[in-house]
Each structure stands twice: as C-alpha cells, then as structure tokens.
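These are notes on a model for someone reading a structure of this kind for the first time. Please keep the sequence and the 3D view open while working through the points.

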There are 2 protein chains.
Amino acid sequence: MVVTLRDVARAAGVSPATASRALSAPDLVAPARREHVQQVARDLGYRPNRAARELITGRTGNLCLVVPDLENPFFAAVAKGVQARARALGFALLVADAEEDPRLESELVGHLGAQVDGVILCSPRMTDAELDRLGKDVLDDDVPLLLVNRLHSGLPSVVIDNADGIRQAVTHLYALGHRRIGYAGGPVGSWSDAQRRRGLEHASHGLRSIDVVDLGHFPPLFGGGVAAGDLVAASGVTAVLAHNDLLALGILSRLRARGVRVPEDVSVVGYDDIPAATLVSPALTTVTVPLARLGRAAVDLLIEAGSVPTATESALAAALTAAERTRHATPPITIGTTGAATAPPSVLIGVELVVRASTGVASAQSSEARG
Amino acid sequence: MVVTLRDVARAAGVSPATASRALSAPDLVAPARREHVQQVARDLGYRPNRAARELITGRTGNLCLVVPDLENPFFAAVAKGVQARARALGFALLVADAEEDPRLESELVGHLGAQVDGVILCSPRMTDAELDRLGKDVLDDDVPLLLVNRLHSGLPSVVIDNADGIRQAVTHLYALGHRRIGYAGGPVGSWSDAQRRRGLEHASHGLRSIDVVDLGHFPPLFGGGVAAGDLVAASGVTAVLAHNDLLALGILSRLRARGVRVPEDVSVVGYDDIPAATLVSPALTTVTVPLARLGRAAVDLLIEAGSVPTATESALAAALTAAERTRHATPPITIGTTGAATAPPSVLIGVELVVRASTGVASAQSSEARG
DNA sequence: TGCCATGCTGAAATCGCATTCATCCATCGA
DNA sequence: TCGATGGATGAATGCGATTTCAGCATGGCA
C-alpha cells in the first residue's frame, strides 16, 4: 500500500543504499542514476517515513512553541510569525497553550521537548529556578531552548526593548504636561512587567517633578483593566501606562463607564499595539511591537544558537518547498545583539511609540489639584 | 546518556520484551515483576522513544490543525479549544496557518498529514474538488480528516448552525421594525458564507414585506468592513448583517467616521462574538458561537469517527497525565447529529444571538424613505 | 499419574531508513 | 603494464521499541 524506499530501489533497479543516497545525499550518486531514482520515486509517490528517519538521525523536523494563552492577540501574533518562519525553514510547529500556569509550562516543555528539535518558550510565567531545571533535567541536552520575552543566564532569547518603549511613552506623556502618572502592571511573575517597571523608574529619574503611582498587578486581560480603571480614577493621576493593550482597553472601558473622559481627563497608553487598539475610540496610543519579526527572529536564533540543522528534507521535498522557502526570506532585523562569546546570544527587538487618540494634554484641573 | 528500554530491562533483570509489556501492556506481566520494572523505569528516568514506537505502531500521538489565519480571533479561539482537548486526550497538536490560501491548505495537509494521527481542517477555502482529492490521494487512508465549518460528503465535520444564527438575527431586526436589511458577505469561496446567505434567504421568506440587499463579498477582516461601511451608507438599509464580527467592527468604525449613528440610523449585527465585540462602543450585537466547545467537539469527533486509538501512552505516562486527562473532561454537548449509518457523522453546534448596543428600533426617517 | 490448558517469559523478527564498510571498476601516474 | 587512487555501489548493521512465536512452568482435570 504505502511506498517505501525498498520499493523505489527495486523499481529503479538499485540497492536501497543507493536509493537512499540518491534522495538525501545526491552528490554521492552518479548523475544519470541519481535522476533515474528521483524520477522513479516521484512516479511512485514515495514519501520518506519520518519516524524511521527520526529514529536513525535523531532529528524530528519539528519545533515547539509554548505560550501562556493562544487567544491573547499578542501570543497569537507571535505564534503566527513563528509558524510561518518554521515552515519556511522546513519545520512543522507543535503549539501548546500553558493557560497562564507555570506548572503546566514545565510539563509541556517536558512532554513536547522529547519530540522536537527545539523549543521556543514565550513569556514564561515560571520562576528562574524552574527555568534552570528545564535546561538541565527536563530537556535533552541536544534540544535547544529559546526564550521570548524573558532573559535568563545560559539561554538564548529574543526580547522586546521594554525599557525603551516605556521611556518613549513616559517622554510622550511628560511632553504633554503630565506629572502624575499611574502604572497598571501585569501578572506578578511576569518578567516583562518587572522590566517595564524598572524602565519606568529609570525614565522618570531623568524628568523633573514627575510622580509615578504604582497601581498594582493585574491579569493582562480586558477584565484586569476594568478593575484597574477604578484605581486609576481614585488615584488622581492624569495619565496611566498599562502593562499591555488588553489591560489598557479595559481601563478605557471602565473610565468611560464612570464618565471619565479620555484623553481630556485622563490619558491612557498601552503596550503591544494589538489589532484591537485601533478598533476602539478613542484609538489607543500604544507601543508597537513588530510581532511577525519577533517570531521570525525567534526561530532563526533558535536554529542558529542551537545549531539545529535545518530540515534537510529529501531532494524531493526540498524541490517542493524551494519556492516556499524564499517567499518569507526577509531577514529579521536584529536591532542589537548582546552576549559575549560564551554567553548565548540574545536579540533585542526595537519598539516604537504610536500616538493615537487616547493621549492628550494634561488637564488643567488635575494639574491644579497637583499643585 | 539517554535511557532506553534495554537499560530498564537490564537493570530490572528481565528481557526487553517483558520490560516493554510491563510498561505498555501491564496485564500481561506478573504483578510483582510488573511493579518492579515500573519502579526501575521511574528511577532511571526512562522515557520511551516516540520515533521507535511510531515506527512499529504507526501511530504518532500527534494531531494537526490547519486554519486560514491564526491571528483571526475566531481561529485563535478554535485553536485554543482544539489544543486543550487534544492535550487532555494525550495528543500533541501541530498547528499550521494557511494564510487564507487554498493552495497552501492542501500543501499543508499533505505535508503534515504524513506525520499525524488525524487532521482537523478549519474553514477550508479550497474547492470541493480539492477537498475530494485530499481525502483520496493526498492523505493516507488511515489518517482521518475532519472539517470544521464546512460540510462535505464523505467527511465528518463540526459545523455551526449558520442558518439558525442568521434566523435569530433577522428575527431580532424584524422585531425592531427593520424592513430593509443589508448583508455584508465573507470571502467568495467561503462555505459558511454561502450557508448564511441561504439562511438569510430562507428566513426572509417567512417575513412580510422584508427586503434583503446583498452588499457583496469582503475579506473577513476589519479592513473589509471599512469598505463595506460605505456600501451600507449608500444602500439605504436601516440594518446590516455582517458575515463576521471583524467585518462588523469595520463597518461600525466606518459608519461612525461618516457621521452615521449606530444604532439610531443604522443597526449592525455581527457573527462569532469575538472578545473585541464587547470592547467597542456601541457594543456589538452578534451571534455567539461556543468556540471552546466547538474545538472540543472537533477533536472528539475526529477521534471517534476516525477510530483513532487515544494515545495509550505507557503506564508511566498514563499515570502522569491521569489528573490532566480528567481536568477537561466535560463532555462536548452535541446539539444535534446528522448522518445515516453509512455517512460520516457531523455535529451541529448551536448558536445564540446576544443583543448589545449596536441594534435598535428602525429609524422613522429610513422607514419613511422606504415607504 | 499423565496430559492439556493456562499464564509468563524470552529470543528473535520487524518497522523504514541512514550509514559504515567492503567491494568493484575505471582511471591515472610511473 | 601494473599498482595505486578514488569514485560509485551494495551488503550489512543498527536506531529503540513492539510483537509474534516458542518454551517453560504450573495447575487442573481425568
């Protein structure tokens, strides 16, 4: 029923060894014979058995992506980018949703890590200790692990320039006259939230008579923003920075419901620039992150840092996907690269503030209240 | 370095055959010996090699999901549901994004179908002929294919009750006094769009002096809705049904930009009830689809119809995931089941209109203009 | 007591492919 | 002309698990 390499060899009148070489190491076979075998393979509709190949080469041709929540537009975009790049390189992608659960994260990495050539762990909620354990005990030594949105010694990573994004946002608000700014943070364990807080502190140090109010931690979802909205209203700030757009949208909605005008009374800034940011009114001022590029960079760095041989499919498959392979070939622009020769490389993804309608000049009333 | 079954066997003082049985067919081994082997396996940290197992059993323990666009919140939600259910049943999930391209769809199913136990194809854009070819030539006979959001003879499927959703929406608008209703359709090849058009026609037949205006086909995205918005304004309808929420949101946005008030001047109804539907104002009246349930149903039906043995992991792994397996064990509520003994089963997922702020009583002005 | 059924166990075959090793032939240099 | 060289090929091996098949004991039954 199913065509095996033996069948091809028999039909082509060569040994299985030669057939194998003709398809996956073409230079080792005499040109005439090679082409003949390839033709026969095509005619018979031969498809190499991945399990058999994997068993002997140890490579699966699969990568794995673990995200906290597939439904979150931020992660959906990352997944889309990663998937596209992986496919362009000849890999299939296993996707897992960790449901914002640190324990589930390690479990998934453990399970899936055993059947892939590399793992991309996006915005892990787990602790550094657990992260350490992953690299050591859970994963095989030859399965590289790459982090997105998190730095950890010994692991390659792709991170967003959080500090710079926050800096741009704060500068923008400061220029509009805001002097008392709230920060609505993300989940407690979130590394990027910690980064942004640090960036916020650093940015505000350089500005005169600015006051930063920590509004606390919230789930990075619309619902979290609704809760945060009340704190915003109560805190007397004239502007608020949200950990991400979903949170910002929730704040926007709550403020509107309470009759607080945006941006007249309070300015709101998000982070990520998800599609929904332009759907609401006022449209959300936010920090835009090139998510597709981030996804590409993640795959490329994983392959490179882990020295994963890009799926050297059979000559057959290679020909099939050649066009495909170049379609997405735009190189990821790595804004910066840190790390010495020994340290694993990290790529820093630059971000950009995009000013829309949710930010405006600080209200006089609040300014007076302040003074 | 890596522990193999031989190692376990040697350490336990039994043959590889017995070790294998102790782990994956426990009843064939004497209790004492069985427990001993399992203990040794645990101590040694034995993890069965999936490739080797797959080679001989032919089962991979993977499922595959192909969607037109991972970033579309509708598909993201489906993917989340499918992933969760797959994992609960012990499967890993390969996810592929077809980029709304029918050709890419078949290519992906072909590539990935070779390395999974089943394929879920969501909202395929391909023609019926291509779909036929998939089942026959592209996929192995023992790899079941399930469709979501599409019916096709010979293939099991999970579909939304499009006709009923549209009927509910039309009835709602009719009750509000609307007599001239526009329909902004989805992509040309979309099966669900065809369904909804048919449902619309059917529903309107039953209502007196109602007038349905076909506004054409649009990409099922926000941008498509912006274009549709102008047609809505020009067509003189008092209400519009959009093929999905993204489209509806685009229409909403465009109408607002043109000074058309919603719902005072025009009522807008979406479909799907994506999260963003509640984020805008006026909040979108729409047809809510239980997407998580849909995802679950898809996996369950695929397993059942394709008689895919649920990954009978080794006793070891089974024990590990036992808790996990029950966590999501809520049975999918299949609203209805069609199909005779020979025809593959289909599950119909019921939907429900949720009325929000984007629909209201038909404006007197437009009513007069009509009369 | 003898024989068969039953229950466990181990040796060995197998899955499909890549790869090492040995072989063969042609070619080149001396 | 002969040996050396090297390129092309085939036979054989092994990856790690499952699964047949045969063997061995034990217990039941006549």
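1. Start with DNA strand D, which has 25 residues around it; Thr18(A), Arg33(A), Ile56(A), Leu5(B) and Ser20(B) are the closest. Keep in mind throughout that this is a predicted model. Of the strand D atoms within 4 Å of the protein, 56% are in sugar or phosphate, and the rest are in bases.

2. Which atoms of the protein lie beside the phosphate oxygens of DNA strand D? In the side chain of Ser20(B), an N or O atom is 2.6 Å from one such oxygen. In the side chain of Tyr46(B), an N or O atom is 3.0 Å from a phosphate oxygen of strand D. With Ala30(A) the backbone is involved: one of its N or O atoms lies 3.0 Å from a phosphate oxygen of strand D.

3. The elements behind this surface come from both protein chains. H2 and H4 of chain A, and H2 and H4 of chain B, each give at least two residues to the surface near DNA strand D. H4(B) provides the largest share, 5 residues. Sorted by class, the surface near strand D consists of 13 nonpolar, 7 polar and 5 charged residues.

4. Turn next to DNA strand C. There are 24 residues around strand C, and those that come nearest are Leu5(A), Tyr46(A), Thr18(B), Arg21(B) and Arg33(B). Of the strand C atoms that come within 4 Å of the protein, sugar and phosphate make up 61%.

5. Bases of strand C also have polar neighbours. An N or O atom in the side chain of Arg21(B) is 2.8 Å from a base nitrogen of DNA strand C. A polar side-chain atom of Arg21(A) lies 3.4 Å from a base oxygen of strand C. On the phosphate side, a polar backbone atom of Ala30(B) is 3.0 Å from a phosphate oxygen of strand C. The elements that give two or more residues to the surface near strand C are helix H2 (16–24) and H4 of chain A, with helix H2 (16–24) and helix H4 (50–57) of chain B. The classes here are 13 nonpolar, 7 polar and 4 charged residues.

6. How are the two protein chains related? Chain A is superposed on chain B by a rotation of 180° with 0.0 Å of shift along its axis, at an RMSD of 0.1 Å. The two copies are therefore related as by a two-fold rotation axis. Both copies use the same surface, since 96% of the contact residues of chain A recur in chain B.

7. The contact between the protein chains involves 45 residues of chain A and 44 residues of chain B. The size of an interface is often given as the accessible area lost when the parts come together. For chain A and chain B the buried area is about 4000 Å², with 57% of it on carbon and sulfur atoms. Glu71(A), Lys80(A) and Leu279(A) supply 15% of the area that chain A buries against chain B, more than any other three residues.

8. Across this interface there are 6 salt bridges, and 14 residue pairs are in polar contact. On the chain A side, the elements giving two or more residues include helix H5 (73–88), helix H6 (102–113) and helix H13 (315–327). That side divides into 21 nonpolar, 9 polar and 15 charged residues.

9. Two of the salt bridges can be checked by eye. Lys80(A) pairs with Asp97(B), with the closest N and O atoms 3.1 Å apart. Glu99(B) pairs with Arg87(A), and there the closest N and O atoms are 3.1 Å apart. Glu99(B) is in the loop between strand E2 (92–97) and helix H6 (102–113) of chain B, while Arg87(A) is in helix H5 of chain A, so the pair joins two chains.

10. Some backbone details deserve a look. Most residues other than glycine have a negative phi, and most peptide bonds are trans. The bond from Ser281(A) to Pro282(A) is cis, with omega near 0°; Pro282(A) lies in the loop between strand E9 (267–269) and strand E10 (286–288) of chain A. The bond from Val262(B) to Pro263(B) is also cis, with omega near 5°. Asn149(A), in the loop between strand E4 (145–148) and strand E5 (157–160) of chain A, has a positive phi, near 70°.

Terms used. Residues numbered from 1 in each chain as written. Chains lettered and ligands numbered in written order. Predicted model: local features only at pLDDT ≥ 70, side-chain atom pairs only at ≥ 80, totals over all residues. Heavy atoms only, no water. Contact = heavy atoms within 4.5 Å. Buried area = accessible area lost by both parts, 1.4 Å probe. Salt bridge = Lys/Arg side-chain N within 4 Å of Asp/Glu carboxyl O. Polar contact = N/O pair within 3.5 Å; in protein donor to acceptor, adjacent residues only side chain to side chain. Helix = DSSP H or I, 4+ residues; strand = E, 2+ residues; numbered from the N terminus. Nonpolar A, V, L, I, M, F, W, Y, C, P; charged D, E, K, R; others polar. Least-squares fit on C-alpha atoms with pLDDT ≥ 70 in both. Near = heavy atom within 4 Å.
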